[in-house]
Amino acid sequence: MAELQQLRVQEAVDTMVKSLERENIRKMQGIMFRCSANCCEDSQASMQQVHQCIERCHAPLAQAQALVTSELERFQDRLARCTMHCNDKAKDSMDAGSKELQVKQQLESCVTKCVDDHMHLIPSMTKKMKESLSSIAK
């Protein structure tokens with residue numbers, strides 16, 4: 001993928017992740033740490049009970065992090081498939097005898113369209129993740 005296009009996607013995804021971290025994940029981390037600290041306050045609990053309590057406190061955050069990772073991987077896979085399709089089309093054009101400059105322009109245009117299409121998915125993906133994270137936090 002062209003460097004400029006890759007940078008566009010990276011910046012948009014970074015902005016989304018920072019927003020999710022600030023507005024959702026960070027609150028969940030605070031809850032998890034306070035919950036874990038409360039587990040340790042129970043002097044009557046066995047070491048195993050305290051450990052199980054702490055694990056229960058960590059579960060929502062782990063679930064949230066897995067959700068974000070999964071969504072980002074799915075997004076990256078879709079974008080990679082799109083750009084691979086562009087590469088295949090460019091190779092086919094070269095094999096058919098098209099001029100190198102023409103093929104490069106075709107490839108650049110195709111990759112830009114992939115990036116544009118996927119940039120449009122980011123707001124709905126963000127909204128979906130925020131809704132999912134909110135339901136996990138409850």
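This briefing covers the helix packing, the disulfides and the nonpolar core of the structure above. The model is a predicted one, and it holds four disulfides. Helix 1 and helix 2 run roughly antiparallel to each other, and the largest nonpolar core draws at least two residues from each of helix 1, helix 2, helix 3 and helix 4.

**Packing of helix 1 and helix 2**

- Helix 1, which spans residues 3–41, packs with helix 2, which spans residues 47–95, at an angle of about 170°, and the two axes lie 8 Å apart.
- Because an angle over 145 degrees counts as roughly antiparallel, helix 1 and helix 2 are placed in that class.
- The residues that make up the contact of helix 1 with helix 2 divide into 22 nonpolar and three polar, with no charged residue among them.

**Disulfide between helix 1 and helix 2**

- C39 and C53 form a disulfide in which the sulfur atoms are 1.9 Å apart, and the torsion about the S-S bond is about -70°, so this disulfide is left-handed.
- The pair links distant parts of the chain, with C39 in helix 1 and C53 in helix 2, 14 residues apart.
- C39 has a relative accessibility of 5% and therefore counts as buried.
- The sulfur of C40 has its closest cysteine sulfur in C39, but the distance of 6.4 Å is too far for a bond, since a disulfide requires the two sulfur atoms to be within 2.5 Å.
- R56, which lies in helix 2, is 17 residues from C39 in sequence and 9.9 Å from C39 in space, C-alpha to C-alpha.
- With a relative accessibility of 56%, R56 counts as exposed, whereas C39 counts as buried.

**Disulfides between helix 2 and helix 3**

- C82 is joined to C114 by a disulfide with an S to S distance of 2.0 Å, and this link is left-handed, with -85° about the S-S bond.
- C82 lies in helix 2 and C114 in helix 3 (residues 100–119), so the pair ties together parts of the chain that are 32 residues apart in sequence.
- The two ends of this link fall into separate accessibility classes: C82, at 22% relative accessibility, counts as partly exposed, while C114, at 2%, counts as buried.
- C86 is joined to C110 by a disulfide, also with an S to S distance of 2.0 Å, and the torsion about the S-S bond is about -80°, so this disulfide is left-handed.
- C86 belongs to helix 2 and C110 to helix 3, so this pair ties together parts that are 24 residues apart in sequence.
- Both C86 and C110 are buried.

**Pairing pattern**

- When the bonded cysteines of the chain are numbered in sequence order, the pairing reads 1-4, 2-3, 5-8, 6-7.

**Nonpolar core**

- The largest nonpolar core has 24 residues, and those with the most contacts inside it are V13, M16 and I122.
- Helix 1, helix 2, helix 3 and helix 4 (121–137) each supply at least two residues of this core, and the largest share, eight residues, comes from helix 1.
- Leaving aside residues up to four places away in sequence, V13 touches L72, F75 and I122.
- The contact between V13 and I122 thus joins two of the residues that have the most contacts inside the core.

Notes:
Residues numbered from 1 in each chain as written. Predicted model: local features only at pLDDT ≥ 70, side-chain atom pairs only at ≥ 80, totals over all residues. Heavy atoms only, no water. Axes fitted to C-alpha atoms, helices over the stretch in contact; angles between N-to-C directions. Helix = DSSP H or I, 4+ residues; strand = E, 2+ residues; numbered from the N terminus. Parallel < 35°, antiparallel > 145°, perpendicular 65-115°, else oblique. Nonpolar A, V, L, I, M, F, W, Y, C, P; charged D, E, K, R; others polar. Buried < 20%, exposed > 50% of the residue type's maximum accessible area, 1.4 Å probe, protein only. Core = buried A, V, L, I, M, F, W, Y, C linked by side-chain atoms within 4.5 Å. Contact = heavy atoms within 4.5 Å.
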